[in-house]
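I opened a fresh page for this structure and wanted to look up its aromatic rings, its charges and one of its sheets. My entries follow in the order in which I made them.

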Amino acid sequence: KMTQQMRDLQLAQARKPPGPSSPNAAKRLYRNLSGKFRVNYTSFDEGSLVGRGEKEKLRKSYLFQSNAALFEAVELQDLDRVQELLKQYSPEELDLNTPNSEGLLPLDIAIMTNNAPIARALLQAGAKESPHFVSLESRSLHLSTLVREAEQRVNELTAQVVNEAPNADCSEKEKQLKAWEWRYRLYKRMKAGFEHARVPDAPTNVHLSVASSSSVQVTFWEPLSVNSAVVTKYKVEWSCSPTFSPLLGEAVIDKLKNLHFTIRGLVSGTAYYVQVSAYNMKGWGPPQASVPPFAIPSNWREYDGRAPRRRGQAEALDHLLGQVKTVHQHCVCHEPCKNQPQSRKHSVSKSLKHLFHPGSKFLKTLKRGLYLTAIFYKDDNILVTHEDQIPVVEIDDTYSCLLMQDFLWFTKVSCMWDEILWLRQCVTVSQSSCSCILQTRFKMLLAISQMQGLLGIQDLGQVFFEPVKDKQGNILIVTLKEVKTNQTFESVRWVPICKLQTSRKSVSSPEEPTALDTLLISVQDKLAYHQRSSHALSPGLYLGYLKLCSAVDQIRVLVPEQLPNILCHVKIRSNPNISREEWEWLQKMASMEEPVPAEPEAETSQNHLFQELQVAIKELMTLVNIPLQEAKDFRLYSQEVLDFGGQVSFLLLLPPSDDVCTAPGQNNPYTPRSGFLTLPLQIFELGEE
């Protein structure tokens, strides 16, 4: 029956256009035709003489050649060509899981020739094994048939070549003979690979952890043995019994890019046992039980029934802001707007005067005062005015010393760019008699409105964590925003940053540069800070280091330059969840008087966390340049786990209480190495949000 099937397949193949006569011929044919098809196919338009049917036929022929080239690359064990084809075409275009005329898939050839690198590349692209191999017997019979048919074909062609006189037909027969001899050797190698293969060993490093109150996660590595056939899938099984009888569920993992699986829908407080086994063309190998042997779905909040810290806070703040707006609608701050008709002459003259005021457009040079500049960038380009200047507007020309409290107030305003008009109306209360601070903040709101109006955009971006100053008394508050879409701006245009830096003519000396020159020189550093401050951590549990230093008017926090929106940290593990058992152990450890607690029992989640914390603390102390012997006086913050969106969580490592915050004039004996900076605490809190 199998022989008849092979003959039918050969007859069907004979009706197709003749294929390459040798292994290398297919490769040459693909290289020659792929470029021609690519040019001709993409050059067709609606006015071409070629019809849609012919275009579709040409496209199918083109894809057929790419499919043939993939089989050829796998058979020749050409890893580079396989990777190139997988990158150039989608699995659908390659017909990655459509058997060829021999009933084989590219993955079948790779695993039966035991070519692990090619097999892994195909598996990551979504390749499957042939569905025809439902049992070991069917695979063995199929391979034997292929070998026998190839041997028979070789014998027939050999006889024809020997008996026929030399001519053109004989030359063609010799090419076919060479191709079939090569294919015969390939099938014999595949058959030998299958016969010598054995079932895979058990997976290694099978680790079980609690992912949430209703799920557990299992991670594992490939089997250690390299003599077995390529593993193509894994099976995860779970049960409430250590004997796995009865079995509660199982899952087959055939996407092998990441070897982990999360079992969901479990009952909180119930112990679950998990084991993992591997599969290759010889079948399933023995299962490997996890370490620890079981896990109980839970979360650290269940220890004392604590609710999430931020639950409902955003909604409450929105409601409070709405109430404030409602009250201010009837406030006396809006009375001047109602009385405008009575002072029309004064209002009109003031408006005409405003048209000729230098603050009604972008500034070219700075006088002694306080200014606002907005940096918008896209790739390597920056937004400038028609005079090739970074957009700058004046806040106050009599303000030569920016108070930290005013600057921090401005950073909070940056969270409400769309509410500037409303804020201006709220700050206009009795300007003539208001304090100097209120007047300055009102001028800040006016400058923001002016910048928004000149650019034609509301969102000015994120405030840089410190102003730019010079010795002439100029102070620049800088906002940064990355433009990722084709956004329309008014009165400005895009120029490359390098061109702006080289073409600008400085009006200051190198010893005493102006604030604008300083900004232009350091613009790349500020853009890099802005981009890094928006990066997110990968999911996991982290150990953070809290270190503060105080000054007269502010408190600053130590952060890494590469991630200035996060505390100094190292990753403990990829699972962000702290189980109830782990948190209970941490509470006991925090309450012990001895500095070094006893190590928990082996093969428990607490023991695993203990080992992970030991490694993380050593790594963190090295990172911030603190001798390891000093870590014995450090403490873990045991009040809560800091949760960021459910995917990232932090345990905090605190110095001794007297050293958490360095006071003014106090020397810090352990200065971190390069790669760190200190941010005002309020700026850090805004960036963390």
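Entry one, burial of a ring pair. In this predicted model, I looked up phenylalanine 465 together with tyrosine 529, and I noted that both residues are buried. I then counted aromatic pairs and found that the structure holds 13 of them. For the rings of phenylalanine 465 and tyrosine 529, I wrote down centres 5.1 Å apart and planes at 55°, so I entered this pair as tilted. The pair links distant parts of the chain, since phenylalanine 465 sits in the loop between strand E12 (462-463) and strand E13 (468-469), while tyrosine 529 belongs to helix H17 (residues 523-532), 64 residues apart. I also noted that Phe464 joins Phe465 and Tyr529 in one aromatic cluster.

Entry two, another ring pair. How are the rings of tyrosine 545 and phenylalanine 634 arranged, stacked or tilted? I found their centres 6.2 Å apart and their planes at 15°, which is under 30 degrees, so the pair is stacked. Because tyrosine 545 lies in strand E16 (residues 540-545) and phenylalanine 634 in the loop between helix H19 (605-623) and strand E20 (635-636), the pair ties together parts that are 89 residues apart in sequence. Tyrosine 545 has a relative accessible area of 5%, and I recorded this residue as buried. For phenylalanine 634 the relative accessibility is 15%, and because buried means under 20%, this residue counts as buried too.

Entry three, charges over rings. I looked for lysines above aromatic faces and noted that the charged end of lysine 233 sits over the ring of tyrosine 279, 4.5 Å from the centre of that ring. Lysine 282 lies over the face of phenylalanine 194, and here I wrote down 5.0 Å to the ring centre.

Entry four, a sheet. I followed four strands that form an open sheet with mixed pairing, in the order E23-E17-E18-E24. Strand E23 (661-662) and strand E24 (676-680) are the edge strands, each pairing on one side only. Between them I looked at strand E17 (residues 548-550) and strand E18 (residues 555-560), which pair in the antiparallel sense over three bridges, and I found leucine 548 opposite valine 557 in E18.

Entry five, confidence. The protein chain averages a pLDDT of 81, and 80% of the residues score at least 70. Over residues 1-50 the pLDDT stays under 50, and I noted 56 contacts beyond four places in sequence for this stretch. Residues 334-359 also stay under 50, and for them the model has seven such contacts.

Technical notes
Residues numbered from 1 in each chain as written. Predicted model: local features only at pLDDT ≥ 70, side-chain atom pairs only at ≥ 80, totals over all residues. Heavy atoms only, no water. Phe/Tyr/Trp six-rings, centres within 6.5 Å; stacked < 30°, edge-to-face > 60°. Helix = DSSP H or I, 4+ residues; strand = E, 2+ residues; numbered from the N terminus. Buried < 20%, exposed > 50% of the residue type's maximum accessible area, 1.4 Å probe, protein only. Lys NZ or Arg CZ within 6 Å of the ring centre and 35° of its normal. pLDDT = per-residue confidence, 0-100. Contact = heavy atoms within 4.5 Å. Pairing = 2+ DSSP bridges.
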